Amino acid sequence: MTSEEFIGVIEQAERFYDKKLAQDQRTIWYESFKYMGVSRFKFLVSEWYRRFDYFPSLAKALSLDQEIGYAETKPKLKEVVKCDICQGKGFVCYYEVHNGYQYRFVARCNCLNASEYMKLPSLAQVGLEEAELLRKRKAQKEKAQALDVNEIKNQIKKFLGIKENE
Ligand SMILES: [Zn+2]
């Protein structure tokens, strides 16, 4: 954080505890915390308010930073379960033609990845069948793999100086 950001937060703490750090103290404090992002520092100071009745010493403030760790400021990683239908996305795109125009729609998958898409219609509601979707995915995958193999074959032929279709 910048020294301006630091001063903004530390002045708030000074008002809260009705205690002012001397200028040289502030400089030492800033040197100790400047590698920290301002949001982390704000979080740390809000923990002082909950835990300390007095303005903490620098040693206390630093050890509290160690103690509370980083779990509380990191966003939780979303858990993804393996799903061959939506490939972990939780929803499936499908297309319908209306009046000659192709429209893209989305439906909620039946797996756990869909928990945040409960407002979307389910696969059954839009008339999509799991087995059919799986069959399509498999066909797409095989097609992609076949393309890869042909591409490699062509590269080898090119390298060996063999003309196409030989
Ligand atoms: Zn799924």
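Into which domains is the chain divided?

**Figure 1. Division of the chain into domain 1, domain 2 and domain 3.** In this predicted model, the chain is divided into domain 1, covering residues 3-68, domain 2, covering residues 78-128, and domain 3, covering residues 131-166. The centres of domain 1 and domain 2, taken over C-alpha atoms, are separated by 48 Å.

**Figure 2. Helix α1 and the residue that follows it, D18.** Helix α1 runs over residues 3-17 and contains 15 residues; from its first C-alpha to its last it reaches 21 Å, which is close to the 21 Å expected at 1.5 Å a residue. Just after α1 comes D18, whose phi is positive at about 55°, although D18 is not a glycine. This residue belongs to the loop between α1 and α2, the latter spanning 23-33. D18 counts as exposed because it has 7 C-beta neighbours inside 10 Å, and a residue is classed as exposed when 12 or fewer such atoms are found.

**Figure 3. Q87 in the loop between α4 and β1.** Q87 is found in the loop that lies between α4 (58-68) and β1, and it takes a positive phi of about 55° although it is not a glycine. Because 13 other C-beta atoms lie within 10 Å of Q87, this residue is partly exposed.

**Figure 4. The hairpin formed by β1 and β2.** Strand β1, residues 91-98, and strand β2, residues 101-108, pair in the antiparallel sense over eight bridges. Two residues lie between the strands of this hairpin, and N99, located in the turn, has a positive phi of about 50°. Two positions illustrate the register of the pairing: Y94 stands opposite F105 in β2, while the bridge partner of Y95 in β2 is R104.

**Figure 5. The largest nonpolar core and the contacts of A107.** The largest nonpolar core consists of seven residues, namely I85, C86, V92, A107, C109, A114 and L123. In soluble globular proteins, nonpolar side chains tend to be buried together. A107, one of the residues of this core, touches F91, V92, Y94, L120, P121, S122, L123, V126 and L128, when residues up to four places away in sequence are not counted. Among these contacts of A107 are V92 and L123, both of which are also listed in the core, and Y94, the residue that stands opposite F105 in the hairpin view.

Technical notes: Residues are numbered from 1 along each chain as its sequence is written. This is a predicted model: local features need pLDDT of at least 70, side-chain atom pairs count only at pLDDT 80 or more; totals for chains, interfaces and linings use all residues. Two strands pair if DSSP finds at least two bridges between them. Helices (H or I, at least four residues) and strands (E, at least two) are DSSP runs, numbered from the N terminus. A nonpolar core is a set of buried Ala, Val, Leu, Ile, Met, Phe, Trp, Tyr and Cys residues joined through C-beta atoms within 7 Å. A residue is buried if 20 or more other C-beta atoms lie within 10 Å of its own, exposed if 12 or fewer, and partly exposed in between; C-beta atoms are placed from the backbone. Two residues are in contact if their C-beta atoms, placed from the backbone, lie within 7 Å. Domain bounds come from an automatic or database domain assignment. The expected span of a helix is 1.5 Å times one less than its number of residues.
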